[in-house]
Amino acid sequence: MLIIGIAGGTGSGKTTVVRKIVESLPAGEVVLLPQDSYYKDSSHVPVEERQNINFDHPDAFEWSLLSKHVMTLKEGKSIEQPTYSYLTCTRQPETIHIEPREVIIIEGILALCDKKLRNMMDLKIFVDADPDERLIRVIQRDVVERGRTAEAVMERYTRVLKPMHLQFIEPCKRYADLIVPEGGSNKVAIDILTMYIKKHLKS
């Protein structure tokens with residue numbers, strides 16, 4: 001089993017990198033664990049206060065559950081992956097049944113942040129992108145997918161995303177075995193990654 005961590009700033013192109021890797025591999029060989037699914041449940045927090053939750057801070061995630069799930073898959077057992085709603089900031093009652101596969105990809109802004117989780121990984125990747133490009137992608141995504149106004153996204157970027165990126169996400173670069181500049185448009189890096197994974201699958 002190959003365990004891969006893919007981290008990088010919001011809007012860096014992590015999801016595109018993951019999608020292109022998965023598409024290039026045989027069907028059923030990869031299981032994806034999005035870090036976003038492991039946000040702590042905030043249903044106990046009053047609705048009007050949930051917008052103040054800092055989702056870019058390491059404390060927002062339930063690391064112990066994510067590590068436990070990775071270990072369970074490594075042992076050849078299935079898991080029930082949690083689901084999370086950005087609209088209500090709560091963990092949903094539904095779960096996703098995940099069977100163990102040859103390749104596990106853990107993807108998220110802080111995927112390389114937790115030492116215990118990091119130590120389980122065979123390959124650590126950091127997806128890098130220009131801050132301006134990341135901001136444009138964040139605006140495009142949050143307006144369409146999360147129902148926010150462009151002004152609200154920019155305010156949140158300045159107040160939360162940028163300082164959290166500098167404090168927690170950017171420093172994770174030093175743990176990466178491979179840094180992928182230009183995100184999902186870096187065909188050479190994605191091809192190298194895919195070849196590495198295919199080589200592992202053959203062996």
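**Lys14 and the pockets around it**

In this predicted model, Lys14 has a relative accessible area of 7%, which is under 20%, and therefore counts as buried. Lys14 is found in helix 1, which covers residues 14-24, and, leaving aside residues up to four places away in sequence, it touches Ile6, Ala7, Gly8, Gly9, Glu107, Gly108, Ile109 and Val127. One of these partners, Gly9, has its backbone oxygen 3.1 Å from a polar atom of the Lys14 side chain. Thr15 is also found in helix 1, but with a relative accessible area of 52% Thr15 is exposed.

Both residues belong to a stretch that an unreviewed UniProt entry annotates as "binding site", covering Gly8, Gly9, Thr10, Gly11, Ser12, Gly13, Lys14 and Thr15. Of these residues, Gly9, Thr10, Gly11, Ser12, Gly13, Lys14 and Thr15 are included in the lining of the largest pocket.

That largest pocket has a volume of about 600 Å³, and of the 30 residues that line it, Lys14, Thr15, Asp36, Arg141 and Arg146 are the closest to its centre. Two or more lining residues are given by each of helix 1, strand 2 (30-34), helix 5 (131-145) and helix 6 (150-169), with the largest share, five residues, coming from helix 1. By class, this lining holds eight nonpolar, 11 polar and 11 charged residues.

The second largest pocket has a volume of about 430 Å³, and of its 19 lining residues the closest to the centre are Arg50, Gln51, Asn52, Arg148 and Arg156. Here helix 2 (47-50) and helix 6 are the elements that give two or more residues, and helix 6 supplies the largest share, six residues. The lining of this second largest pocket has nine nonpolar, four polar and six charged residues.

Note on methods
Residues are numbered from 1 along each chain as its sequence is written. This is a predicted model: local features need pLDDT of at least 70, side-chain atom pairs count only at pLDDT 80 or more; totals for chains, interfaces and linings use all residues. Side-chain values use heavy atoms; hydrogens and water are left out. UniProt positions are given in the numbering used here, feature names are shortened, and annotations may be inferred rather than shown by experiment. On a 1 Å grid over the protein atoms alone, a cavity is a set of points where a 1.4 Å probe fits but cannot get out, and a pocket is an open set with protein on both sides within 12 Å along at least five of seven lines; lining residues have an atom within 4 Å of a point. Helices (H or I, at least four residues) and strands (E, at least two) are DSSP runs, numbered from the N terminus. Buried means under 20% relative accessible area, exposed over 50%, partly exposed in between (1.4 Å probe, protein chains only). Contact means heavy atoms within 4.5 Å. A polar contact is a pair of N or O atoms within 3.5 Å; within protein, one must be able to donate a hydrogen and the other to accept it, and residues adjacent in sequence count only if both atoms are side-chain atoms. Grid points are joined across faces, edges and corners, and a volume is the space filled by probe spheres set on the points. Ala, Val, Leu, Ile, Met, Phe, Trp, Tyr, Cys and Pro count as nonpolar, Asp, Glu, Lys and Arg as charged, and the others, Gly among them, as polar.
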